[in-house]
Amino acid sequence: MILAVDMGNTNIVLGCIDKGKTVFTERLSTDLSKTEFEYSMSIKGAFDLYKIKPGDIEGAIISSVVPPLTGYIKGAIRKISSKDAMIVGPGIKTGLNIKTDDPKGVGADLIVASVAALARYGAPVIMVDMGTATTLAAIDKDGNYLGGSIMPGLRSSLEALVSTTSQLPRISLIAPKKPIGRNTVDGMGSGIVLGNAAMIDGMLDRFEEELGYPATVVATGGLANLVIPQCKRDIIIDDDLLLEGLEIIYNKNR
């Protein structure tokens, strides 16, 4: 069994995977003020909840877009399991052929999602990852990672909206019943949720226009289950995509 950790700017997703089967997944808040000890207690709490013994962990792997916390999480895993976690980055074999201007600049999360999507759904495939940012990444019919687009995520958009206006309230992120809001709250919900769904639909059309052929589309991330059902495109939701990718990369480097 391996421990896989995907560290984003808002949440840290961790889970145990045993021979391709996800045993559990949990989310922790990404908090720069937490210490290595506090993160170790959070991880140990997840282990205790799912009755995982530290001795059950044969290895660990981390994908991170928050460099200041990477060492803390690696240290926390070492405290609990005595294992030295792999870090997705330079020197790690992924099997992904990256055709961007600067392959070293591609985020670890995008690489991990692409590895999983390519393995599970084949090429061509477009990944949609909905977290602090909403990212789209394209793999062509030959299996090459071409690049993608980066857009503000729902919470980032909402925070920007309410912090720069004097009368718009903070709202809960829920799917509106209708696109035409009859009040301020419904109008904001329509704009944030349905607006993002329409943006994803439109960007996918443009991606496929540039590729010259249709592609399988798979979405993941904490907000995918809210927005993707509002899209008009046929999009597969795969909540475990990043953990699956981490397991694949771990096995390539074990």
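T30 is in contact, meaning heavy atoms within 4.5 Å, with G8, N9, T10, N11, I12, Y39, V66 and L69, when residues up to four places away in sequence are not counted. The residue sits in the loop between strand 3 and helix 1 (36-49), where helices (H or I, at least four residues) and strands (E, at least two) are DSSP runs numbered from the N terminus. Because its relative accessibility is 17%, T30 counts as buried; buried stands for under 20% relative accessible area, exposed for over 50%, and partly exposed for values in between, with a 1.4 Å probe and protein chains only. The C-alpha atoms of T30 and V13 are separated by 9.5 Å, and the two residues are 17 residues apart along the chain.

This is a predicted model, in which local features need pLDDT of at least 70 and side-chain atom pairs count only at pLDDT 80 or more, whereas totals for chains, interfaces and linings use all residues. Residues are numbered from 1 along each chain as its sequence is written, and side-chain values use heavy atoms, with hydrogens and water left out.

**The five-stranded sheet**

Five strands form an open sheet in the order 3-2-1-4-5, with mixed pairing; two strands are said to pair if DSSP finds at least two bridges between them. Its edge strands are strand 3 (21-29) and strand 5 (86-87), each of which pairs on one side only. In general, strands of a sheet pair through backbone hydrogen bonds, either parallel or antiparallel.

Strand 1 (residues 2-7) runs antiparallel to strand 2 (residues 11-18), and the two are paired over six bridges, with a hairpin of three residues joining them. Within this pair, A4 stands opposite G15 of strand 2, and I12 of strand 2 is the bridge partner of M7. On its other pairing, strand 2 meets strand 3 in the antiparallel sense over eight bridges, and here N11 has S29 of strand 3 as its bridge partner. Strand 2 is mostly covered, since six of its eight residues are buried. The hairpin of strand 2 and strand 3 has two residues between the strands, and K19 takes a positive phi there.

**Backbone features in the loops**

K19 and K51 each have a positive phi without being a glycine, and the table sets out their values.

| Residue | Location | Phi | Relative accessible area |
|---|---|---|---|
| K19 | loop between strand 2 and strand 3 | near 55° | 82%, exposed |
| K51 | loop between helix 1 and strand 4 (59-64) | about 60° | 71%, exposed |

A glycine is also found with a positive phi, namely G122, which takes a value of about 80° just after helix 3. A little further along the chain, the peptide bond from A123 to P124 is cis, with omega near 0°, and P124 is located in the loop between helix 3 and strand 7 (125-130).

**Helix 3 and its contact with helix 7**

Helix 3 (residues 108-121) has 14 residues, which at 1.5 Å a residue should span 20 Å, and the end C-alpha atoms are 20 Å apart, in agreement with that value; the expected span is 1.5 Å times one less than the number of residues. Ten of the 14 residues of helix 3 are buried, so that the helix is mostly covered. The buried residues are A108, D109, L110, I111, V112, A113, S114, V115, A116 and A117.

Helix 3 packs against helix 7 (residues 241-253) at an angle of about 85°, with the axes 7 Å apart. Axes here are lines fitted to C-alpha atoms, for helices over the stretch in contact, and angles run from 0 to 180 degrees between N-to-C directions. The two helices are therefore roughly perpendicular to each other, given that angles of 65 to 115 degrees count as roughly perpendicular, those under 35 as roughly parallel, those over 145 as roughly antiparallel and the rest as oblique. From helix 3, the residues D109, V112, A113, V115, A116, A117, A119, R120 and Y121 meet L241, L242, E244, G245, L246, I248 and I249 of helix 7. By class, this contact has twelve nonpolar, one polar and three charged residues, where Ala, Val, Leu, Ile, Met, Phe, Trp, Tyr, Cys and Pro count as nonpolar, Asp, Glu, Lys and Arg as charged, and the others, Gly among them, as polar.

**The six-stranded sheet**

A further open sheet has six strands in the order 6-9-8-7-10-11, again with mixed pairing. Strand 6 (97-98) and strand 11 (236-237) are its edge strands, each pairing on one side only. Strand 10 (residues 216-220) pairs with strand 11 in the parallel sense over two bridges, and I236 in strand 11 is the bridge partner of V218.
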